[in-house]
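Colleague: I would like a close look at one part of this model, the parallel sheet and whatever packs against it. Please go slowly and then work outward to the other parts that can be described with the same care.

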Amino acid sequence: MDFVSGLRCRECGRGYPAEALHVCDFCFGPLEVTYDYEKIASVVTRERIEAGPRSIWRYADLLPVHDAAPVDLGAGFTPLVRADRLASELGLGELWIKDDTANPTGSFKDRVVSVALTKARQLGFKVAACASTGNLANSVAAHAARAGMDSIVLIPHDLERAKVTMTAVYGGTLVAVEGSYDDVNRLCAELTSEQPDWAFVNVNVRTYYAEGSKTLAFEVAEQLGWQAPDHVVVPIGSGSQLTKVAKGFRELWQVGLLDEEPSVRVSGAQAEGCSPVATAFAEGTDAIRPVKPNTIAKSLAIGNPADGWYALDAIRSSGGSCASVTDAEVLDGIGLLARTEGIFAETAGGVTIATLAKLAAQGAIRADERVVAMVTGHGLKTAEALTGVVGPTATIAPTLESFGDALGDQLNTIRSQRSS
Amino acid sequence: MTTVRIPAQLRTLTAGAGELSIDGSTVGEVLVALDGAHAGFAERLFDESGGLRRFVNVFVDEEDVRFLDGLATPLTPGQTISIVPAVAGG
């Protein structure tokens, strides 16, 4: 049994039962799951969590659905990697990378989809659907296959090839829409009214789906020995992940899993070609003006971010910062992380690393802070963004002579590095 | 006449109808006329200052009115207005 007490509108406070509802009937504000934290605190312990599965489901007490056999491909409990070489390049002290490229379909979306479809199945849904910039498409198609559900996935027509293949292979219905993600999203919001029997994970099941992102915070704290970090850097698409990461640290404190009250500065990362939240932060306003995205970071190309307000609020109230980076900086960020730490991130990860670098250079992230950067998707998904950027050092005939001609000078350098 | 598409959350106001035909020369006029025909729309769509609530998105033929002239966006006959909750996606 779960510890959900109901749903509540974040805007006007009206209460709702824990069903497939995502929007307040009165003001259209987003609904949020409410929990009985006292009851959770009375059962949850570090030992109970540590004895659980090595997945997001070890935190089931803090999730909006309990199920003896959840819809699960093993999402979560991804590595938290100490990144000393990257830290020293950026002039930072203690830096960690939350490597969510290690999830079953290669992105953090497995966390939210596992929660959403487990709840959807309990609510009686047979069809899983979503609007996606790619990563969610991969994850919904895979988890629906795992659960024996039909899937209907809608994506913008111009996604990276790998993300299309990684969705289509699972055999569900995949619809490419001639428009931007925001067009796809509006279409899905309208479809939800016409197809109430479909569980659109990020529309009518969004209230539950979004809670899955809290597990990023739970894991980071557990992996740091049940301590919260001082500063986290989170990419912003819809703003949901950042908002839920901030909530996750607070909840751990609320239910007694941390010794010290966390004071985590939360900073946001956006691509310059789609930076409505970073722009509002820079201008000091509450008004998030929608934009028409134009960036290689397609998984973050949401011009009208549903949780933009809340992300902005989480950043400001925590003393964090927010910045945007150019596509060239995104590619540099991907290269920097790969070269220094051996982690290959998708373009959204490049946004995070480039923003981390920028905020460190500005002094907004300090060397005396324990910093965690969220790297949320695998580089193979967006490999085409690196076409012409990286490639073979040399292309040669299969002879020693050709090898020596092409690489002679470089070999001397490598040799001298080894002997020094 | 402008066709107005009503989301499921507001169909309690329209006796279940998902689409209505309403007269008006701007988006704002149509939405006010909608409230005249089916009381209850105005308090749900508009905030205290008369603007659209921040989680209400309105589209004219697939374009967000925030990229047009907002509530002052002029309409030509045959266009479709969609009212869509903003809370989706990502």
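Modeller: What follows starts with the sheet you asked about and then moves to other parts of the two chains.

Please keep in mind throughout that this is a predicted model. The sheet in chain A is an open one of 4 strands, placed in the order 8-7-6-9 and paired in parallel. Its edges are formed by strand 8 (173-177) and strand 9 (198-200) of chain A, and because each of these has a single partner strand, one side of each is left without a neighbour in the sheet. On average, and with direction ignored, neighbouring strands here are turned by 20° against each other. As a general point, strands of a sheet pair through backbone hydrogen bonds, either parallel or antiparallel.

Within this sheet, strand 6 (residues 127-131) and strand 7 (residues 150-156) of chain A run parallel and are joined by 5 bridges. If you want a position from which to follow this pairing, take A:Ala129, whose bridge partner in strand 7 of chain A is A:Ile152. Strand 7 of chain A also holds A:Asp150, which counts as exposed, since its relative accessibility is 54%. When neighbours within four places in sequence are left aside, A:Asp150 is in contact with A:Lys126, A:Val127, A:Ala128 and A:Ala144. The C-alpha atom of A:Asp150 is separated by 9.5 Å from that of A:Trp198, although the two residues are 48 residues apart along the chain.

Helix 7 (residues 181-194) of chain A lies across strand 6, strand 7, strand 8 and strand 9 of chain A, and it runs at about 145° to strand 7 of chain A.

In chain B, an open sheet is formed by 5 strands in the order 2-1-5-3-4, with mixed pairing. Strand 2 (19-22) and strand 4 (63-64) of chain B are its edge strands, and each pairs on one side only. Strand 1 (residues 2-5) of chain B pairs with strand 2 of chain B in the antiparallel sense, over 4 bridges, and there B:Thr3 stands opposite B:Ser21 in strand 2 of chain B. Helix 7 of chain A packs on this sheet too, touching strand 1, strand 3 (56-60) and strand 5 (80-85) of chain B, and its direction makes about 85° with that of strand 5 of chain B.

Back in chain A, strand 3 (residues 31-35) includes A:Thr34. Because 5 of the 5 residues of strand 3 of chain A are buried, the strand is largely enclosed by the rest of the structure. A:Leu31, A:Val33 and A:Tyr35 point one way from strand 3 of chain A, A:Glu32 and A:Thr34 point the other way, and all are buried. Strand 1 (residues 4-9) of chain A pairs with strand 3 of chain A in the antiparallel sense over 5 bridges, and A:Cys9 has A:Leu31 in strand 3 of chain A as its bridge partner. A:Thr34 has a relative accessible area of 13% and is therefore buried; leaving aside its neighbours within four places in sequence, its contacts include A:Phe3, A:Val4 and A:Arg8.

A pair of helices in chain A also deserves a description. The axes of helix 13 (residues 327-341) and helix 14 (residues 347-362) of chain A come within 7 Å and cross at roughly 90°, which means that helix 13 of chain A is roughly perpendicular to helix 14 of chain A. The residues of this contact divide into 7 nonpolar, 3 polar and 2 charged. Among them, A:Val330, A:Ile334 and A:Leu337 belong to helix 13 of chain A, while A:Val351, A:Ile353 and A:Lys358 belong to helix 14 of chain A. Helix 14 of chain A is mostly covered, with 12 of its 16 residues buried, including A:Thr352, A:Leu356 and A:Leu359. Just after helix 14 of chain A, A:Gly363 takes a positive phi of about 85°.

Two loop residues close the account. A:Phe77, although not a glycine, has a positive phi of about 50°; it lies in the loop between helix 2 (46-50) and strand 4 (80-82) of chain A. A:Trp226, also not a glycine, has a positive phi of about 60°, and its relative accessible area of 6% makes it buried.

Methods. Residues are numbered from 1 along each chain as its sequence is written. Chains are lettered from A and ligands numbered from 1 in the order in which they are written. This is a predicted model: local features need pLDDT of at least 70, side-chain atom pairs count only at pLDDT 80 or more; totals for chains, interfaces and linings use all residues. Side-chain values use heavy atoms; hydrogens and water are left out. Two strands pair if DSSP finds at least two bridges between them. Axes are lines fitted to C-alpha atoms, for helices over the stretch in contact, and angles run from 0 to 180 degrees between N-to-C directions. Contact means heavy atoms within 4.5 Å. Angles under 35 degrees count as roughly parallel, over 145 as roughly antiparallel, 65 to 115 as roughly perpendicular and the rest as oblique. Ala, Val, Leu, Ile, Met, Phe, Trp, Tyr, Cys and Pro count as nonpolar, Asp, Glu, Lys and Arg as charged, and the others, Gly among them, as polar. Buried means under 20% relative accessible area, exposed over 50%, partly exposed in between (1.4 Å probe, protein chains only).
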